[in-house]
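Trainee: I would like a close look at one part of this model. Please start with a sheet and the side chains around it, then move outward from there.

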Amino acid sequence: MSDSDENAGDETTAGDDEPTAIGVKLGSTRTVIAIPDGDGLRTVKTLTCLATYEDVITGEERVLYGEEAATEYPDRVQYTLRSGLPEDEDRAALTATFFEEVIEANDVPTDSAVVYAIPTIDNERGLENLQAVIEGSAVGEALIRSYPESLCGSVPALGDGLEAVEDIFVTVNLGSTNLEASAYRRGEQLVPFTTGAVTGNEVDRRIANYVEEETQGRVNVDTTTAREYKEEHADFVDFEPFTDVIQQPGGGSHEFTIERSVMDAVDEYVDEAVDEVANAFLPELANDHIKVYQLALDRPIVLTGGMACIPGIVEEFEERLSDELQREVEAVAPERPELSAAVGAQRIAARLVDADAY
């Protein structure tokens, strides 16, 4: 599956004798690769999962990845980065297989300079495994470097180039696996903060529970269906109740309407995210770097990550954080938060190519 991004700026196209600048985000839910295409970018976006099956003719093992794997083999599909990183050798091997399949299927150039976004997680072994996956792949023959996901994701939100690297700001990554917050001072990451207590995955679990409650126990959905409800229907601006149909075990079908479950879960998420930022991260930033704290809150706070895709969530976060801090703050997000980490990484890769840093 590919999307195109029209806001790539002028740093995306390499010369004929230069490696192709590529940005990569291997995410717990989705993987995105940003590749130059004319004056813009071609973005490959897919679920970070795979399934294997046996070829009925040859007996060879075949691999499916992404949406195909999740749809055709829901009973055996494996999400290789459920915790955000490949925790052990087996997960690293699965992730490497997945990544190679994506590279081959989407004609990602091997003569390339690759920048990949890494999460702010204190897990040295997991980060080393992720590095091994990228470095062991077919891409990145010229150069491979990593930068924090929160910095890469903020780049498209703060300009058409790399203005974020020259700025002072706070960013909050509303991810599936973790809530991350950091301050940046001209590209230097300050006071990185991570919590697994407030996550997009937890929202999915709550939606599943709330659906059961709202339907008086008549409907049980799995977390994959709950995530689809969230992505398709969650909206702080124009939410509308929606209906779905399930098949009954004894035959027949049951139609039901969801009025509260999705928005109750995402509403609680925003409150909890604001609480973590206002009462855990920002006090630590103020204690360690008071001037950066003061300067950063006079600038927009950048929201990235999959949860930032929900319509109206930026304004909700801004209003609730302002109330919590008892001062006006502004929040912004990139136009496509789900693509922004790969797009920002690609711009950094293009700068490295321009500077002959390979």
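Mentor: Here is a walk through one sheet, followed by the pairs of side chains and a second sheet. Keep in mind that this is a predicted model.

Start with the sheet of 3 strands. It is open, and its order is S6-S5-S7. The pairing is antiparallel. Two strands form the edges: strand S6, residues 61–65, and strand S7, residues 78–79. Each of these pairs on one side only.

Now look at strand S5, which covers residues 49–54. S5 and S7 run antiparallel, and 2 bridges join them. Find cysteine 49, then look across to S7. Tyrosine 79 stands opposite cysteine 49.

Next, find the helix that goes with this sheet. Helix H2 takes in residues 89–105. H2 lies across S5, S6 and S7. Its direction makes an angle of about 75° with S6.

Stay with tyrosine 79 for a moment. The charged end of arginine 82 sits over the ring of tyrosine 79. The distance to the ring centre is 3.9 Å.

Rings can also meet rings. The structure holds 5 aromatic pairs. One of them is tyrosine 53 with tyrosine 73. Their ring centres are 5.7 Å apart. Their planes lie at 10°, and planes under 30 degrees apart count as stacked, so this pair is stacked. The pair links distant parts of the chain. Tyrosine 53 is in strand S5, while tyrosine 73 is in the loop between helix H1 (66–72) and S7. They are 20 residues apart.

How open are these two rings to the outside? Tyrosine 53 has 27% relative accessibility, so it counts as partly exposed. Tyrosine 73 has 18%, so it counts as buried. The cut-off for buried is under 20%.

Compare that with another aromatic pair, tyrosine 229 and phenylalanine 242. This one is edge-to-face. The centres are 5.1 Å apart, with 65° between the planes. It too links distant parts of the chain. Tyrosine 229 belongs to helix H6, residues 223–233. Phenylalanine 242 belongs to strand S13, residues 242–247. The two are 13 residues apart. Both tyrosine 229 and phenylalanine 242 are buried.

Now go back to the sheet and turn to charges. The structure holds 19 salt bridges. Among them is the one between glutamate 60 and arginine 62. The closest N and O atoms there are 3.9 Å apart. Glutamate 60 has a relative accessible area of 44%, so it is partly exposed. Arginine 62 is partly exposed as well, at 32%.

Move along to helix H5, residues 200–214. Here glutamate 202 forms a salt bridge with arginine 205. Their closest N and O atoms are 3.0 Å apart. Both residues lie in H5, 3 residues apart, which is about one turn of the helix. Glutamate 202 is partly exposed, at 25% relative accessibility. Arginine 205 is also partly exposed, at 40%. This pair does not stand alone. Glu202, Arg205, Arg206, Glu268 and Glu272 are linked in a network of salt bridges.

A further salt bridge joins aspartate 298 and arginine 327, at 3.1 Å from N to O. Aspartate 298 lies in the loop between H8 and S15, and arginine 327 lies in the loop between helix H9 (313–325) and S16, so the pair ties together parts that are 29 residues apart in sequence. Aspartate 298 counts as exposed, at 60% relative accessibility. Arginine 327 is partly exposed, at 29%.

Those element names lead to the second sheet. It is open, has 5 strands and follows the order S12-S11-S10-S15-S16. Its pairing is mixed. The edge strands are S12 (188–195) and S16 (331–332), and each pairs on one side only. Strand S11, residues 179–185, runs antiparallel to S12, and 6 bridges join the two. In that pairing, glutamate 180 has threonine 194 of S12 as its bridge partner.

A helix lies across this sheet too. Helix H8, residues 290–297, lies across strand S10 (168–174), S11, S12 and strand S15 (301–304). H8 runs at about 75° to S10.

Methods
Residues numbered from 1 in each chain as written. Predicted model: local features only at pLDDT ≥ 70, side-chain atom pairs only at ≥ 80, totals over all residues. Heavy atoms only, no water. Pairing = 2+ DSSP bridges. Helix = DSSP H or I, 4+ residues; strand = E, 2+ residues; numbered from the N terminus. Contact = heavy atoms within 4.5 Å. Axes fitted to C-alpha atoms, helices over the stretch in contact; angles between N-to-C directions. Phe/Tyr/Trp six-rings, centres within 6.5 Å; stacked < 30°, edge-to-face > 60°. Buried < 20%, exposed > 50% of the residue type's maximum accessible area, 1.4 Å probe, protein only. Lys NZ or Arg CZ within 6 Å of the ring centre and 35° of its normal. Salt bridge = Lys/Arg side-chain N within 4 Å of Asp/Glu carboxyl O.
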